[in-house]
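Me: I would like a close look at the pockets and enclosed cavities of this protein, together with the elements that line them. Please take the pockets in turn and then follow their elements into the surrounding structure.

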Amino acid sequence: MFLRIQLKMDTLDTDVGIDVPLPDYYTKASVGLTQCSNTHIWCGETCSYLMALRQGGQAPHLGLLLQQGSLKGYSIQRSYDFSGREEEVSNTRGVIRLHPENFKLQPGESYTLSWKLFWFNGKKQFKEVLQRTPDYIDVTADDFVVTGNQPLTFRIHVGGGTTSTVGPQVWWQHHLVATDWDQATATAVVTLPAGVNGENLVVIDWHEQHTHALFFRTLPLVELASRRVHFIAEKQQCLNPESVLNGAYLIYDNDEHQQYYIHVNDHNGGRERVGMGVLMAYYLRHIPDKKLYKSLLAYINYVTTNLVDVETGTVYNDAPRNNDDPRLYNYPWVAQLFLEMFQLENDQKYLEWCYRVMMHFYQIGGVEFYAIGIPMAESMRLFRQAGRKEQADQLLDCYRQNVDYIVKNGVNYPESEVSYEQAIVGPAALYVVDMYHLTGEEKYLAAAKVQLQSLAQFEGLQPDYHLNEVALRHWDGYWFGKNRMLGDTFPHYWTALSGLAFAHAQQVVEASYEPLAHKSLRAPLSLFGEDGSASCAMIYPLKVNGQAAHQLDPWANDQDWGLYFALKYCEFK
């Protein structure tokens, strides 16, 4: 298939685009898993593709591989239909609009974009197609996000084989860098010097092909965490004894350099923002700091006064104990906070509070809910170590009922705040894996493999730290960001939910999940600045509905779960 443009024009920005109306939307599982796609986009100049994976993972899948021309990026066009629930806007990714490189045409001249469409059975076969394509430049790496002085090493494979004794030209920081070229495998290995933090763009030329790869280098993980928790304590904590929010960790506007609060669900003093307290407690378990500890105690006082009734286990949506919008998602996050506090202070009241919160969660509907962040395996370990066997057994019974419901449903996922999404499948996979770990029952192992297959369809292969092993999400910036922009959110901290499932799976299901877990858990680190600031969403497309994007949202809101997971599984272990 090809598109020929024959006009008198000088392209500007994203004025020229080709719409690719793939069925990338979320609906009930009985329809979406077979008829809808998770579309992974790589606009890598002459080496560009779309990998549209059927949401349920069943082959065949559809590939689009560029043959002529060059793509510089893509935009998203989507509707804002509020005729029903506002939440429905989260279900449609929108139309993908591919943008060619800038070009100039005089009368009689033409510019051609052409591509081939093909069917493939899975990601492995898709990679094989790339590597068979003559001169296609395929970049792979163990890490697209590196920390500290970790070497930044990657591999370049030239498709179709070659007799050339000279490898591709690789440019970094406007300098040509050395490559270790192996003619027999048509592969070059490149290692970049350490010391350049932030985004690292690598430009690659081979014959008539031109592409790039994007890496990200940040501080050593513990140093990054230190700066972040100090930023939270100094700039995101309300310190006003006259306010009901006294002690709360709140949204911070990096443009206005001030805190922000409104009694709107995703902007309030509870819900996902509990992750700041979880991160603070986890950090203090490993690096004591009196000032930070004082901040944390003020936050815990705020939580137990305003967000949870520790006697009944009720978790509220906002201060002061406000439940205008009761929400089951809130419960496991508070339970995780109490587990971290127990491990910090060795005070069993926190285990008691965790128990009450989780038991209340299951009493009010948790058994048939796909929650995010239930600390199943961790709570079992801590309760049993603390001698609380009866409570551990009761929790395990509730966990089993929850997981049995997930197993019974299989891939018939129930709709939640979004009809279908990675934050439904990821936790489902994690909990089934954990139940196999806790019980050793083979039915959970079989069910885990099914869930992990569905989860893998969300993950991309592109040579870009925004995208590589980053799960598809396309609505978070609208709900949690200042700019309220609907559009692909890469990376987003909840993409690390895939990493959690893969990390647990490699222990009991398959060792090959380890590198996937590593990449997924590291990806959200690019949301954190070296000064401790943070962003809740990176809107990746060039534009969304004509509005300039490809930028970090100004709000630090709920992203600290991503740093918490990275610390927990990548560093302090």
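Reply: The account below begins with the pockets, passes to the cavities, and then turns to the strands, loops and cysteines. The model is a predicted one.

The largest pocket holds about 740 Å³ of space. Its lining comprises 36 residues, of which L500, H504, Q507, K568 and Y569 are the closest to the centre. Several helices contribute to this lining: α4 (274-286), α6 (330-345), α8 (376-385), α10 (422-439), α13 (496-508), α14 (514-522) and α15 (560-571) each provide at least two residues. By character, the lining residues divide into 20 nonpolar, 8 polar and 8 charged.

Two of these helices deserve a further remark, namely α6 and α4. Q343 is a residue of α6. Its relative accessible area is 23%, so Q343 is classed as partly exposed, the class between under 20% for buried and over 50% for exposed. Q343 and R285 are separated by 58 residues in sequence, yet their C-alpha atoms lie 7.1 Å apart in space.

The loops that lead to some of these helices have backbone features of their own. As background, most residues other than glycine have a negative phi, and most peptide bonds are trans. The loop between β23 (314-315) and α6 contains P320, and the peptide bond joining A319 and P320 is cis, with omega about -10°. P491 belongs to the loop between α12 (476-480) and α13; here the bond from F490 to P491 is likewise cis, with omega near -10°. The loop between β21 (258-260) and α4 includes R271. R271 has a positive phi, near 55°, although R271 is not a glycine. With a relative accessibility of 5%, R271 counts as buried.

The second largest pocket has a volume of about 540 Å³. It is lined by 25 residues, and those closest to its centre are K123, G460, L461, E469 and L516. At least two lining residues come from each of α2 (123-132), β11 (137-140), α11 (442-456) and α14. Of the contributing elements, α11 gives the largest share, with 4 residues. The lining divides into 9 nonpolar, 9 polar and 7 charged residues. Helix α14 supplies at least two residues to the lining of the largest pocket and at least two to that of the second largest pocket.

Cavities form the next topic. The search of the whole structure yields 4 cavities of 30 Å³ or more. The largest cavity contains about 60 Å³ of space. D143, F144, V145, Y465, N468, K519, R522 and A523 line the largest cavity, and these residues divide into 4 nonpolar, 1 polar and 3 charged.

Strand β11, which supplies residues to the second largest pocket, leads to a sheet. This is an open sheet of 4 strands in the order β11-β13-β17-β16, with antiparallel pairing. Because β11 and β16 (180-182) stand at the edges and have a single partner strand each, one side of each is left without a neighbour in the sheet. From one strand to the next, the twist averages 20°. β16 pairs with β17 (residues 187-192) in the antiparallel sense over 3 bridges, and D182 stands opposite T187 in β17.

Another loop with an unusual backbone angle lies between β14 (169-172) and β15 (175-177), and H174 is found there. H174 is not a glycine, but its phi is positive, at about 65°. At 78% relative accessibility, H174 counts as exposed, whereas R271 counts as buried.

A further strand pair involves β10. 7 of the 10 residues of β10 (residues 111-120) are buried, so this strand is largely enclosed by the rest of the structure. β10 is joined to β6 (residues 61-68) by 7 bridges, and the two run antiparallel. Within this pair, L64 stands opposite L117 in β10.

Finally, the cysteines may be considered. A disulfide is a covalent bond between the sulfur atoms of two cysteines. The search of the whole structure finds 0 disulfides. C47 takes part in no disulfide, and the nearest cysteine sulfur, that of C43, is 12 Å away, whereas a disulfide requires the two sulfur atoms to be within 2.5 Å. C47 has a relative accessible area of 0% and is therefore buried. C36, at 2% relative accessibility, also counts as buried.

Conventions
Residues are numbered from 1 along each chain as its sequence is written. This is a predicted model: local features need pLDDT of at least 70, side-chain atom pairs count only at pLDDT 80 or more; totals for chains, interfaces and linings use all residues. Side-chain values use heavy atoms; hydrogens and water are left out. On a 1 Å grid over the protein atoms alone, a cavity is a set of points where a 1.4 Å probe fits but cannot get out, and a pocket is an open set with protein on both sides within 12 Å along at least five of seven lines; lining residues have an atom within 4 Å of a point. Grid points are joined across faces, edges and corners, and a volume is the space filled by probe spheres set on the points. Ala, Val, Leu, Ile, Met, Phe, Trp, Tyr, Cys and Pro count as nonpolar, Asp, Glu, Lys and Arg as charged, and the others, Gly among them, as polar. Buried means under 20% relative accessible area, exposed over 50%, partly exposed in between (1.4 Å probe, protein chains only). Two strands pair if DSSP finds at least two bridges between them. Axes are lines fitted to C-alpha atoms, for helices over the stretch in contact, and angles run from 0 to 180 degrees between N-to-C directions.
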